[in-house]
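Thanks for coming. I will take one structure today and go through its sheets, a few residues and a pocket.

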Amino acid sequence: MYNETLRPQKEVVLCEDGTNTLYSKEFNEPYHSTKDGALHESLEKHVKPSFSLKSHKEKLTILDICFGLGYNTFATLYYIKKNNLKTKVHILSPEFDEGLVRSLDTFDFPSEFDLLKYIIKVVATDLYYEDEQFKIEILIGDARKTIPHIQEKIDIVFQDAFSPANNPLLWTKEWFADVRAICKDDAVLTTYSTAAAIRLGLYENGFYIFVHRAEMMRYSTVASLKMLEDLEYIDMELKKIRNTEARSMRDSNYLGG
């Protein structure tokens, strides 16, 4: 089932991994790569690489940008439960579409999320969930306005907004500066984007850039505020020399300032 009131702007789309996502007519793109698959993408591009780097931590604070259908958040909980991890997580997730979040208890999620049905229902109703291990807070509103007010320091960022072409203000150098300001000194960020402009925006805010590769998945980006030893490092200074025209995205290009 799916809330009929949302159909004018969104349509259910079946991904190649058998999971469902939505196509946003407003942003003219799906919420997930239909080729990679909604659940597969969440696990392989965000949850697994970030947890492999933070497996030593007992508590993690995660910034999930943006909540959307909640796949990244719910995949995180699924991964923890499936692997019997004791890790406590606090997930903060900005989202402008409150109606979408409130409809999620009727969305046809994959069977892997069956053990999370109660949590999904509570999140849809209260925009909040908390138990002894998990805490989820949905921050309704413009992410550019909510992020600077977050008081918690972030361990992991899932940078998973709509594409830079369709939602540029969540990919600029200034946006990443706001994200960096609330990060711990060893924070990591995962994103599907491999564009030079995005990697430069992260690099200009002090992130080291790495390639992430996963089986049956297009490569993606991991950014870290500390040098990592076991990932494929990208020398951004060398990239700048080889591509002198490359520039990070800037607010001024989209705000007219």
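**Sheets, helices and one pocket**

I start with the smaller topic on my list, an open sheet of three strands in the order 1-2-3, with antiparallel pairing. Its edge strands are strand 1, residues 10-14, and strand 3, residues 29-30, and each of them pairs on one side only. Strand 2, residues 20-24, is joined to strand 3 by two bridges in the antiparallel sense. Within that pairing, Tyr-23 stands opposite Pro-30 of strand 3. I should say now that this is a predicted model.

Next, the other sheet. Nine strands make up an open sheet, and the order is 6-7-5-4-8-9-11-10-12, with mixed pairing. Which strands stand at the edges? They are strand 6, residues 128-130, and strand 12, residues 232-234; each has a single partner strand, so one side of each is left without a neighbour in the sheet. On average, and ignoring direction, neighbouring strands here are turned by 20° against each other.

Staying at the strand 6 edge, strand 6 pairs with strand 7, residues 134-140, in the antiparallel sense over three bridges. One detail of that pairing is that Glu-130 has Lys-135 in strand 7 as its bridge partner. Helix 4, residues 117-126, packs on the sheet at this place, where it touches strand 6 and strand 7. The direction of helix 4 makes about 135° with that of strand 6.

Helix 1, residues 38-53, is the other helix I want to place against the strands. It lies across strand 4 (59-65), strand 5 (88-95), strand 8 (154-159), strand 9 (183-191), strand 10 (208-214) and strand 11 (217-224). Its angle to strand 11 is about 35°.

Now three residues that can be read together. Ser-42 is in helix 1, Asn-72 is in helix 2, and Phe-158 is in strand 8.

Is Ser-42 buried or exposed? Its relative accessibility is 0%, so Ser-42 counts as buried. Setting aside residues up to four places away in sequence, Ser-42 touches His-32, Val-47, Tyr-71, Asn-72 and Ala-75.

That list leads to Asn-72, which is buried as well, with a relative accessible area of 3%. Beyond its neighbours within four places in sequence, Asn-72 is in contact with Ser-42, His-46, Val-47, Asp-64, Phe-158 and Asp-160. For a distance, the C-alpha atoms of Asn-72 and Ser-111 are separated by 15 Å, and these two residues are 39 residues apart along the chain.

Phe-158 is the third. It has a relative accessible area of 1% and is therefore buried, the limit being under 20%. With the neighbours within four places again left aside, the contacts of Phe-158 include His-46, Val-47 and Ser-50. They also include Ile-62, Leu-63, Asp-64 and Ile-65, as well as Asn-72, Thr-76 and Thr-190. Phe-158 and Leu-43 are 115 residues apart along the chain, with 11 Å between their C-alpha atoms.

On to the pocket. The largest pocket has a volume of about 650 Å³. Which residues lie closest to its centre? Of the 33 residues in the lining, they are Asp-160, Ala-161, Phe-162, Ser-163 and Tyr-192. Strand 3, helix 1, helix 2 (71-82), helix 5 (143-146) and strand 11 are the elements that give two or more residues to that lining. By class, the lining has 15 nonpolar, 10 polar and eight charged residues. Asp-160 has already come up, as one of the contacts of Asn-72.

Last, the region around helix 7, residues 196-203. Its buried residues include Ile-198, Arg-199, Leu-200, Gly-201 and Leu-202. What do the buried residues of helix 7 pack against? They pack against helix 6 (173-181), strand 9, strand 10, strand 11, strand 12 and helix 8 (236-242).

Strand 10 also holds Tyr-208. Tyr-208 is partly exposed, at 32% relative accessible area. Apart from its neighbours within four places in sequence, Tyr-208 contacts Val-222, Ala-223, Ser-224, Leu-225, Lys-226, Met-227 and Tyr-233. Tyr-208 and Lys-57 are 151 residues apart in sequence, and the C-alpha to C-alpha distance between them is 21 Å.

That is where I stop.

Key
Residues are numbered from 1 along each chain as its sequence is written. This is a predicted model: local features need pLDDT of at least 70, side-chain atom pairs count only at pLDDT 80 or more; totals for chains, interfaces and linings use all residues. Side-chain values use heavy atoms; hydrogens and water are left out. Two strands pair if DSSP finds at least two bridges between them. Helices (H or I, at least four residues) and strands (E, at least two) are DSSP runs, numbered from the N terminus. Axes are lines fitted to C-alpha atoms, for helices over the stretch in contact, and angles run from 0 to 180 degrees between N-to-C directions. Contact means heavy atoms within 4.5 Å. Buried means under 20% relative accessible area, exposed over 50%, partly exposed in between (1.4 Å probe, protein chains only). On a 1 Å grid over the protein atoms alone, a cavity is a set of points where a 1.4 Å probe fits but cannot get out, and a pocket is an open set with protein on both sides within 12 Å along at least five of seven lines; lining residues have an atom within 4 Å of a point. Grid points are joined across faces, edges and corners, and a volume is the space filled by probe spheres set on the points. Ala, Val, Leu, Ile, Met, Phe, Trp, Tyr, Cys and Pro count as nonpolar, Asp, Glu, Lys and Arg as charged, and the others, Gly among them, as polar.
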